[in-house]
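Got a minute to go through this one together? Have the view open and let's trade questions.

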Amino acid sequence: MRAKPLTDLSQLCVHTITTKPWSIETAAQKFSAAGVKGITVWRDALHGRNIKQTGQLLRDSGLNIVSLCRGGFFPSIDAAKRKTAIDDNRKAIEEAAELGAPMVVLVCGAEANQSLEDSRKQIQDGIEAVLPEAKSAGVKLAIEPLHPMYADTRSAINTLAQANDMAVNINSSYVGVAVDVYHLWWDPTLEQEIKRCGKNNHLFAFHICDWNVPTTDFLNDRGLMGEGCIPVKKMRGWVEETGFNGFYEVEIFSNKFWSQDQSQFLNNIIKDYKENS
Ligand code: ZN
């Protein structure tokens, strides 16, 4: 199935980090004025604010709060650090509930001083430790696999197959996966693993951007959809085939775009969302 053109913005969500120079208050106003319907909030954007009131402000601006980014970073060779991470994830779940966000996205973490298998075990233990709080708060947890270039320190979960396996092992309607095109576009098993997410009803989120060629920074040089080599439309088609009807979340970390006029950048996001996503 080919993805239908995105003629309206009803499924467009933008992450606060995408327009990092804007405060969350400015982002709310600008997103809303531009017709964006969803917002994913990064925790640093909430710094120094009353979280409940900020959630209300976003809803009053006509925005759906899609998720809170991010929890995770569970693995460590140090047991005290693993406990601190679990506590921080409980805090993220509380913050999501206060904000009115239905989900926390997990960048699961990795520890370079141990095997990836050990890190994955600690990730699963960490998620299972906070699952009771997630359930009682009504907040879902989305495991986001990260590109293997981040397997040293950011995530020991690097393919959608690994994320799917973990969600299946944990076996809770509160635990699913976030598919981010930047991290997964290269994977030859992606189409079948996206289908598997759909069958298990645990495809919780879809993040979009592009991979610049050549890329100049492995963290902060993400491109706008259509600028690079990721077949975003094709991947969206696979996601839609599963029955996913949530938001398409534009998540771009870019030193280049952050240094530009953010209003113009938002216009470009909307244009490339319609034309290339
Ligand atoms: Zn993402």
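Q: Which residue follows helix 8, and what is its phi?
A: Quick ground rules: this is a predicted model, where local features need pLDDT of at least 70, side-chain atom pairs count only at pLDDT 80 or more, and totals for chains, interfaces and linings use all residues. Residues are numbered from 1 along each chain as its sequence is written, and side-chain values use heavy atoms, with hydrogens and water left out. Helices (H or I, at least four residues) and strands (E, at least two) are DSSP runs, numbered from the N terminus. Right after helix 8 comes G243, with a positive phi near 95°.

Q: Is helix 8 mostly covered or mostly open, and which of its residues are buried?
A: Helix 8 spans residues 232-241 and is mostly covered, with seven of its ten residues buried. Buried here means under 20% relative accessible area, exposed means over 50%, and partly exposed is in between (1.4 Å probe, protein chains only). The buried ones are V232, M235, R236, G237, W238, V239 and E240.

Q: What do the buried residues of helix 8 pack against?
A: Contact means heavy atoms within 4.5 Å. On that basis, the partners of those buried residues are helix 6 (181-184), helix 7 (190-199), strand 7 (203-208), strand 10 (248-250) and helix 10 (262-276).

Q: In what order do the eight strands close into a barrel?
A: Strands of a sheet pair through backbone hydrogen bonds, either parallel or antiparallel. In this barrel the pairing is parallel, where two strands pair if DSSP finds at least two bridges between them. The order is 1-2-3-4-5-6-7-10.

Q: What does the twist average from one strand to the next?
A: Axes are lines fitted to C-alpha atoms, for helices over the stretch in contact, and angles run from 0 to 180 degrees between N-to-C directions. Going from one strand to the next around the barrel, the average twist is 30°.

Q: Why is strand 7 called largely enclosed, and which residue stands opposite H207?
A: Six of the six residues of strand 7 are buried, so the rest of the structure largely encloses that strand. On one side, strand 7 pairs with strand 6 over four parallel bridges, with V177 opposite L203. On the other, strand 7 and strand 10 pair in the parallel sense over three bridges, and the residue opposite H207 is E249.

Q: At about what angle does helix 4 run to strand 5?
A: Helix 4 (residues 116-137) lies across strand 4, strand 5 (140-143) and strand 6 (175-180). One of its residues is Q124, which is buried at 19% relative accessible area and touches M166, N169 and I170, leaving out residues up to four places away in sequence. Relative to strand 5, helix 4 runs at about 150°.

Q: Which residues touch the most other members of the largest nonpolar core?
A: A nonpolar core is a set of buried Ala, Val, Leu, Ile, Met, Phe, Trp, Tyr and Cys residues joined through side-chain atoms within 4.5 Å. The largest one has 79 residues. Apart from it lies another core of six residues, W42, C69, V105 and W258 among them. In the largest core, the residues touching the most other members are I127 and L141.

Q: How much space lies in the largest pocket?
A: On a 1 Å grid over the protein atoms alone, a pocket is an open set of points where a 1.4 Å probe fits, with protein on both sides within 12 Å along at least five of seven lines; lining residues have an atom within 4 Å of a point. Points are joined across faces, edges and corners, and the volume is the space filled by probe spheres set on them. Of 17 lining residues, W42, R70, R154, L219 and F253 lie nearest the centre, and strand 3 and strand 4 each supply at least two of the lining. The space comes to about 230 Å³.

Q: What is the omega of the peptide bond from C69 to R70?
A: R70 sits in strand 3, and the bond leading into R70 from C69 is cis. Another cis bond runs from V213 to P214, with omega near -5°. For C69 to R70, omega is near 0°.

Q: What is the phi of N201?
A: N201 lies in the loop between helix 7 and strand 7 and is exposed at 66% relative accessible area. N201 is not a glycine, yet its phi is positive, about 55°.
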